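Biologist: I am new to this structure and would like a close look at a single part of it, one helix and what surrounds it. Could you take me through that part slowly, in one connected answer?

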Amino acid sequence: MRTPHVVVVMGVAGTGKTTIGPLLAARLGVPYAEGDDFHPPASIAKMSAGTPLGDDDRWPWLDAIGAWADERAGLGGVVSCSALKRSYRDRLRAAAPGVVFVHLAGDRSLIEDRMAHRQGHFMPTALLDSQFATLQPLEADEAGVVVDVVGAPEAITGRALAALTALADPVDRTPASD
């Protein structure tokens, strides 16, 4: 399965963007880019210290991700990016109009538990509340799907692929009744 779209795997910290993104890219046969790699060092230091980023901190990061997505337009790719606010997603779409979002969503307690057990990540659990407070879910006019993060990464990736396929092929598959 291949896609000419660039898929942005979005959601609050701890939903599995860095785990699901590469799995999804491999299943789609396209490159993966880790959104955290686009953060300037000052932003990583700020988050590591437990300070949430403000919009002024995020614009250069979003512009860099948008530039990567634009370079992949028509070729496909997967990139992780929290994309918590509509304005952030609008900025990504302005740079790369064909992006499609996969919003990894789940129960706060599950996500907090996953964050508490992960190793070597700069985002502390203390910032989870600010992430949920900032989150603006996908709206009906935004190209994207919401995928529940319950279960193993392979199952989540399978749900994401199925949802993306349904989004690309919106034919009603309900059995006809006689």
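Modeller: A residue is called buried when its relative accessible area is under 20%, and exposed when that value is over 50%. Please keep in mind throughout that this is a predicted model.

With that cut-off in hand, we can turn to helix α3, which covers residues 55-71 and so has 17 residues by the DSSP run that defines it. From its first C-alpha to its last, α3 reaches 24 Å, which is close to the 24 Å expected at 1.5 Å a residue. The buried residues of this helix are R58, W61, L62, I65, G66, W68 and A69. When one looks down the axis of α3, these buried residues fall within an arc of 155°, and therefore they line one face of the helix. On the face turned away from that buried side, α3 carries the exposed residues D56 and E71.

What do the buried residues of α3 pack against? Their partners are the strands β1 (6-10), β2 (32-33) and β3, together with the helices α4 and α6 (128-134).

Two of these partners, β3 and α4, lead us to the loop between them, where β3 spans 77-80 and α4 spans 86-95. A83 has its place in this loop, and with a relative accessibility of 0% it counts as buried, because the cut-off for that word is 20%. The backbone of A83 deserves a careful look, since A83 has a positive phi of about 45° although it is not a glycine. As a point of comparison, most residues other than glycine have a negative phi.

L84 lies in the loop between β3 and α4 as well, and at 1% relative accessibility L84 also counts as buried. Leaving aside residues up to four places away in sequence, L84 touches G11, V12, R89, Q131, T134, L135 and Q136. One of these, T134, is 50 residues from L84 in sequence, and yet the two are 6.3 Å apart in space, C-alpha to C-alpha. T134 also closes the stretch 128-134 given for α6, one of the elements against which the buried residues of α3 pack.

To gather the picture, then, α3 has buried residues that line one face, that face packs against strands and helices including β3 and α4, and the loop between β3 and α4 holds the buried residues A83 and L84.

Terms used:
Residues are numbered from 1 along each chain as its sequence is written. This is a predicted model: local features need pLDDT of at least 70, side-chain atom pairs count only at pLDDT 80 or more; totals for chains, interfaces and linings use all residues. Side-chain values use heavy atoms; hydrogens and water are left out. Helices (H or I, at least four residues) and strands (E, at least two) are DSSP runs, numbered from the N terminus. Buried means under 20% relative accessible area, exposed over 50%, partly exposed in between (1.4 Å probe, protein chains only). Contact means heavy atoms within 4.5 Å. The expected span of a helix is 1.5 Å times one less than its number of residues. The arc is that of the directions from the helix axis to the C-beta atoms.
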